[in-house]
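I opened this notebook to record what I looked up in a structure that was new to me. The entries follow the order in which I worked.

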Amino acid sequence: VKSDSRTKAIPVVILTSSKEEKDLVNGYHLGANSYIQKPVDFDQFREIVKQLGLYWLVVNEPPPNGAFSGPGPSGGKR
Amino acid sequence: MKEEQEILLVEDNSGDVELTLHALRGSDFGRRVHVVGDGEAALDFLFCRGPYSSRSFERPPKLVLLDLKLPKVDGLEVLRQIRTDPRTKTIPVVAFTSSQAEGDVIEGYRLGINSYIYKPTDFDEFREMVKQAAQYWLQINQPPPLAAFRGQ
């Protein structure tokens, strides 16, 4: 996603139960916008997902359409 | 009790600095904000040089709140430099700007901004935005571990 100019700007949040440091490191190095560890507790999980939705759909300004143009690896247009 | 500076606020407008600090006051994050007023000072802070030469790359802020229209070095250039150095590349950077120029949003995302927030003109909305951003990036997001700043 992050290496094709047509998809690069899409916000990607890693939502995972992995607590492995290498996943965190690789996630950020590959350009993940955010990294969230899934809580095991149901209520906490629900709360985190709610906040995640609120932040990315209300607070964050999404990339405009113009952010997805440009040649992909094959030079194709969207 | 450690008083880490976990938020770097890069903002040249003193009114917006006041509003942002006011929004964070009373929360856990209030005392952990460092403010710089231009892009050059932001880079000095993040790259531990000049007046910040005693800082360590091992203690990056958990969040950079970056205005884009800045004196000396423009916000997008600050972002570009952060993203091209492995020691700073993975620091979460959120654009916090009144610029609604589509070009800035596009360039911000292309350069790898983590998130982009428009400053609301309404005071209450401004305060709410700042609180939510701080809460998200300091409490919900898992920040990059030290290993992320050592290159790969």
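The entries below go from confidence to the chains, and then to single residues.

**Entry 1. Confidence.** I noted at the outset that this is a predicted model. For the complex, I found that the predictor gives an ipTM of 0.89 and a pTM of 0.92. I then looked up chain B, where the average pLDDT is 92 and 95% of the residues score at least 70. I kept one caution in mind: where pLDDT is low, the predicted coordinates should not be read in detail.

**Entry 2. Chain A.** I asked which elements chain A contains. I found two helices and two strands, and along the sequence they follow the pattern β-α-β-α. Chain A has 78 residues, and 36% of them are buried. I also looked up its contacts: among those between residues at least 6 apart in sequence, 39% join residues at least 24 apart. The accessible surface of chain A comes to about 4600 Å², and carbon and sulfur atoms account for 56% of that surface.

**Entry 3. The sheet of chain B.** I asked in what order the strands of the sheet in chain B are arranged. The sheet is open, has five strands with parallel pairing, and reads β2-β1-β3-β4-β5. Its edge strands are β2 and β5 (115-118) of chain B, each of which pairs on one side only. Direction ignored, neighbouring strands of this sheet are turned by 20° against each other on average.

**Entry 4. Strand pairs.** I looked at two of the pairings in chain B. Strand β1 (residues 7-10) and strand β2 (residues 33-36) of chain B pair in the parallel sense over four bridges. Within this pair, I recorded Val35(B) in β2(B) as the bridge partner of Leu9(B). The pairing of β3(B) with β4(B) is also in the parallel sense and runs over three bridges. There I found Leu65(B) opposite Val94(B), which belongs to β4(B).

**Entry 5. Helix α1 of chain B.** I followed the chain from β1(B) through helix α1 (residues 14-24) to β2(B) and recorded a right-handed β-α-β unit. I then asked which strands α1(B) lies across. The helix lies across β1, β2, β3 and β4 of chain B, and it runs at about 180° to β2(B).

**Entry 6. Thr97(B).** I located Thr97(B) in strand β4 (residues 93-97) of chain B. I asked whether Thr97(B) is buried or exposed. Its relative accessibility is 1%, and it therefore counts as buried. Leaving aside residues up to four places away in sequence, I listed what Thr97(B) touches: Asp67(B), Leu68(B), Tyr116(B), Ile117(B), Tyr118(B) and Lys119(B).

**Entry 7. Two positive phi angles.** I looked up Cys48(B), which is not a glycine but has a positive phi of about 50°. Cys48(B) sits in the loop between α2 (39-46) and β3 (63-66) of chain B. At 11% relative accessibility, Cys48(B) is counted as buried, because the limit is under 20%.

Lys72(B) is likewise not a glycine, and I recorded a positive phi of about 70° for it. Lys72(B) belongs to the loop between β3 and α3 (75-84) of chain B. I asked whether Lys72(B) is buried or exposed. With a relative accessible area of 65%, Lys72(B) is exposed, since the limit for that term is over 50%.

Key. Residues are numbered from 1 along each chain as its sequence is written. Chains are lettered from A and ligands numbered from 1 in the order in which they are written. This is a predicted model: local features need pLDDT of at least 70, side-chain atom pairs count only at pLDDT 80 or more; totals for chains, interfaces and linings use all residues. Side-chain values use heavy atoms; hydrogens and water are left out. Buried means under 20% relative accessible area, exposed over 50%, partly exposed in between (1.4 Å probe, protein chains only). Contact means heavy atoms within 4.5 Å. Two strands pair if DSSP finds at least two bridges between them. A crossover is right-handed if, with the strands pointing away from the viewer, the path from the first strand over the helix to the second runs clockwise. Accessible areas come from the Shrake-Rupley method with a 1.4 Å probe; for residues, only the protein chains shown count as cover. pLDDT is the predictor's confidence in each residue, from 0 to 100. Axes are lines fitted to C-alpha atoms, for helices over the stretch in contact, and angles run from 0 to 180 degrees between N-to-C directions.
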